[in-house]
Amino acid sequence: MIVVLGGGFAGLSALSQFPSAVVLDRKEYFTLTPWIIDYACGSVGEDYVIRRYNAVKINWVKPDFKDKVILTDKGKFNYDKLLICLGHRQNLPRVKGAKDYALKIETFEDAKKIREEVTKVKDVVVIGGGATGVELAGNLKLNRGVNVTLVQRRNRLLPTMTTSSSEKAKKVLEEVGVNVMLETEAQEVKARSVVTNRGEVPSELTIFAGGLKGPEIIDEFGHSNKNHRMIVDKELRSIDHKDVYGAGDCATFEDGEVPMSADVAINMGKTAMKNALGDSVKFEPKRIATILRIGSEYFGDLGDSYVEGDLAKLLKGLAYVHSRTLIAPTILV
Ligand SMILES: Cc1cc2nc3c(=O)[nH]c(=O)nc-3n(C[C@H](O)[C@H](O)[C@H](O)COP(=O)(O)OP(=O)(O)OC[C@H]3O[C@@H](n4cnc5c(N)ncnc54)[C@H](O)[C@@H]3O)c2cc1C
């Protein structure tokens, strides 16, 4: 029996290599996470971003690695091989007050909450100028007509992407009317403002998109890095437990961070399952494309090159179609 813990991008890609594996997840649906921003901003409906399937829905999980059994509220699952694919969490504790006063954008429920709350406010602050913060700030401004300030600690937006993408993001955001504050550190989130090193910014709704980490539960499973990501070897095996593999955002190498992205998680899930089935494939993390959409503007990076317009739109569309087909029709409910 092969058990996959977590049915997201990595878990479902693993399942595509071995459809008789059992998937355990806290949700009964797969979330197309890269598109929950569109849902939060009101431009698409629920069916666009979640797909129900027949995972075993569990509320808690406790693996016993010695006896090779997963204990859950839905009973025990013995495994010959176990794949851990539990995704990421927003790192809210990084900023004082964020846990109490900021919303995060991590799950479908988070997006739902933003979609509701944004209708009640005028001033919104988004913390974090990575891809999530940029897309969210621009589309909230465009679709919801609220005042949006984007607070970014670094001296450019999209700091892990090409400078062309950074410049384009700033230009588009400013054109649509977002107040972009670079080299601005959010120091504390309060009930109605965000305190920064450049003064206090009024905020009735603060959304944190300032950094990702692995889920804390990973620390209970064995070695993890300071970012709560499970340490795996190059063949994605746990360094602690025999017959256990890690894939997706919750897993990384000891000597270098594996990027947290859907395309990497897809390849990681497939490789982990192949190796669980007996292969010895080394995983090489490689981002294919990161494309952003703000209104009708599409732009981003394809490998190391900047792209925009029709090509960028096509790439984003292809990624969506591919993500939707991760759940094989046979297991849809
Ligand atoms: C707002 C946003 C926008 C993004 N945009 C992009 C983008 O444009 N392009 C891109 O490549 N990437 C994007 N990403 C990142 C991408 O979504 C992730 O890298 C990808 O989802 C990782 O896949 P995964 O399988 O590791 O985790 P996930 O897809 O998150 O799957 C994890 C699964 O584990 C389940 N789970 C978690 N904890 C438990 C538990 N304790 N018990 C049981 N089940 C559990 C979850 O319910 C989920 O189904 C974005 C992320 C966010 C939040």
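Here are three short exercises on a predicted model of a protein with a ligand.

**Exercise 1. Work out what the shell around the ligand is made of.**

Step 1: Start with who is there. The ligand has 27 residues around it, counting any with a heavy atom within 4 Å. Ala-10, Asp-25, Arg-89, Asp-249 and Ala-262 are the closest.

Step 2: Sort the shell by type. You get 11 nonpolar, 9 polar and 7 charged residues.

Step 3: Look for helices that pitch in. Both α1 (9-17) and α9 (262-276) supply at least two residues of the shell. The top contributor is α9, with 3 residues.

**Exercise 2. Find polar partners of the ligand's nitrogen and oxygen atoms, then say how much of the ligand is covered.**

Step 1: Take a nitrogen atom of the ligand. An N or O atom in the side chain of Arg-89 sits 2.8 Å from it.

Step 2: Now try oxygen. One pair links a ligand oxygen atom with a backbone N or O atom of Asp-249, at 2.8 Å. Ala-262 also uses its backbone: a polar atom there is 2.9 Å from an oxygen atom of the ligand.

Step 3: Check the cover. On its own, the ligand has 990 Å² of accessible area, and the protein covers 88% of that.

**Exercise 3. Describe how the two domains meet.**

Step 1: Mark the domains. Domain 1 comes in pieces, 2-88 + 214-288 + 322-331, while domain 2 is 92-208.

Step 2: Count the residues in contact. Domain 1 puts in 18 and domain 2 puts in 16.

Step 3: Add distance and area. The C-alpha centres of the two domains are 28 Å apart. Between them, the domains bury about 1,400 Å², with 62% of it on carbon and sulfur atoms.

Technical notes:
Residues are numbered from 1 along each chain as its sequence is written. This is a predicted model: local features need pLDDT of at least 70, side-chain atom pairs count only at pLDDT 80 or more; totals for chains, interfaces and linings use all residues. Side-chain values use heavy atoms; hydrogens and water are left out. A polar contact is a pair of N or O atoms within 3.5 Å; within protein, one must be able to donate a hydrogen and the other to accept it, and residues adjacent in sequence count only if both atoms are side-chain atoms. Accessible areas come from the Shrake-Rupley method with a 1.4 Å probe; for residues, only the protein chains shown count as cover. Helices (H or I, at least four residues) and strands (E, at least two) are DSSP runs, numbered from the N terminus. Ala, Val, Leu, Ile, Met, Phe, Trp, Tyr, Cys and Pro count as nonpolar, Asp, Glu, Lys and Arg as charged, and the others, Gly among them, as polar. Domain bounds come from an automatic or database domain assignment. Contact means heavy atoms within 4.5 Å. Buried area is the accessible area (1.4 Å probe) that two parts lose on being put together, summed over both.
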